[in-house]
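Here is a structure to look at, followed by some questions about how its parts are described.

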Amino acid sequence: MDNFTKYVFTPEELRELQLKELETLVYFKNFCEKHGLKFCFCGGCCIGSLRNKGFVPWDDDIDIFMMREDYEKFLRIWKQTEKEDRFILLQTTNDMFTGNIFATVVDKSATCVKDYQAELDIPHGLVMDVFPLDACPTGIKRKFQKFWALIYSLYRAQIVPVNHGKMLAFGSKVLLSIIPSKRMRNNIWRLAEKKMTKYNLSDCDYITELCAGPHYMQNEYPKRIFEDVVLAEFEGYQMPIPKGYDEYLKIAFGDYMKLPPVDKQIPHHDVVMCDLNTPCSSYDKMVHNKLKGKRK
């Protein structure tokens, strides 16, 4: 894939981006309330609600957790009921490749292109990521679950993980090279998804993240953390965070109330184009040619 120059937000642009993304969150919250679905903040938004009562100043996206049962209902109900032109559900299917291993809600009223998706024919709007949480078994079952989760991630994202060790990167390259067929890759990740999510929550004491990459899939959270939510202030709204938010955040991030070094206080997504005032459309040659001029 081509590499492009990273888009650098000014503080004013980043704040405008956050407030625009907030509109997606409010729409999603209303959708979930209407259909009896539960969700909660995770990652930066969970930390931001506690530390900043809103976005972490340098955060550039919104991340959501849903238990697998609610996540699957969300996907199904959205497809059946939502006719809104502005907000759409986007996920990899047999007919659509997004490069993600989770679902996203996309605001088409703006344009925001990420590096790893720059050449994909998808709506490049503002994105809210929705991650499912799954039951986490123990012992040999857990080892098999992580194996299938790695296979799922590899063949659904079709991207070699580069920050998780040379062995994993090499093995991923080999596995992708021996299965070049799009149809076969789709069949494999669908099989892997069934294998990794087959465990019943009632039979497990822990919960894990299988659709957030090799690092986070190692995390094992006591089930009680996510049994309920509490409300926290976020940009003037009351938003749900896990009832056991302190335990969750300490497992996932350590001392989450401590600010990271200044050089780490930057947006963590590689955005290569952003225009908050222009609606996105399916990525076409005109936009691709514009980005070619910004290539590294």
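Q: Which residues of α2 and α8 meet in this predicted model?
A: From α2, the residues are G43, C46, I47 and L50, and they meet Y245, Y248, L249 and F253 of α8. By class, this contact has seven nonpolar residues, one polar and no charged.

Q: Why is α2 called oblique to α8?
A: Helix α2 (residues 43-51) packs against helix α8 (residues 245-253) at an angle of about 130 degrees, with the axes 11 Å apart. Roughly perpendicular covers 65 to 115 degrees and roughly antiparallel needs over 145, so an angle of about 130 degrees counts as oblique. The crossing of α2 past α8 is left-handed.

Q: What makes α4 roughly antiparallel to α6?
A: The angle between helix α4 (residues 139-157) and helix α6 (residues 182-196) is about 150 degrees, and their axes lie 8 Å apart. The cut-off for roughly antiparallel is over 145 degrees, so α4 and α6 qualify. Here too the crossing is left-handed.

Q: Which residues of α4 and α6 meet?
A: Among them are W148, Y152 and R156 in α4, and R185, W189 and E193 in α6. The contact of α4 with α6 divides into 10 nonpolar, one polar and four charged residues.

Q: How do you know that β5 pairs with β11?
A: Pairing needs at least two bridges, and strand β5 (residues 111-114) has four with strand β11 (residues 271-275), so the two count as paired. The sense is antiparallel, and T111 is opposite D275 of β11.

Q: Which way do the residues of β5 point?
A: T111 and V113 point one way, C112 and K114 the other, and all are buried.

Key
Residues numbered from 1 in each chain as written. Predicted model: local features only at pLDDT ≥ 70, side-chain atom pairs only at ≥ 80, totals over all residues. Heavy atoms only, no water. Axes fitted to C-alpha atoms, helices over the stretch in contact; angles between N-to-C directions. Left-handed = near helix turned anticlockwise from the far one by under 90°. Contact = heavy atoms within 4.5 Å. Nonpolar A, V, L, I, M, F, W, Y, C, P; charged D, E, K, R; others polar. Buried < 20%, exposed > 50% of the residue type's maximum accessible area, 1.4 Å probe, protein only.
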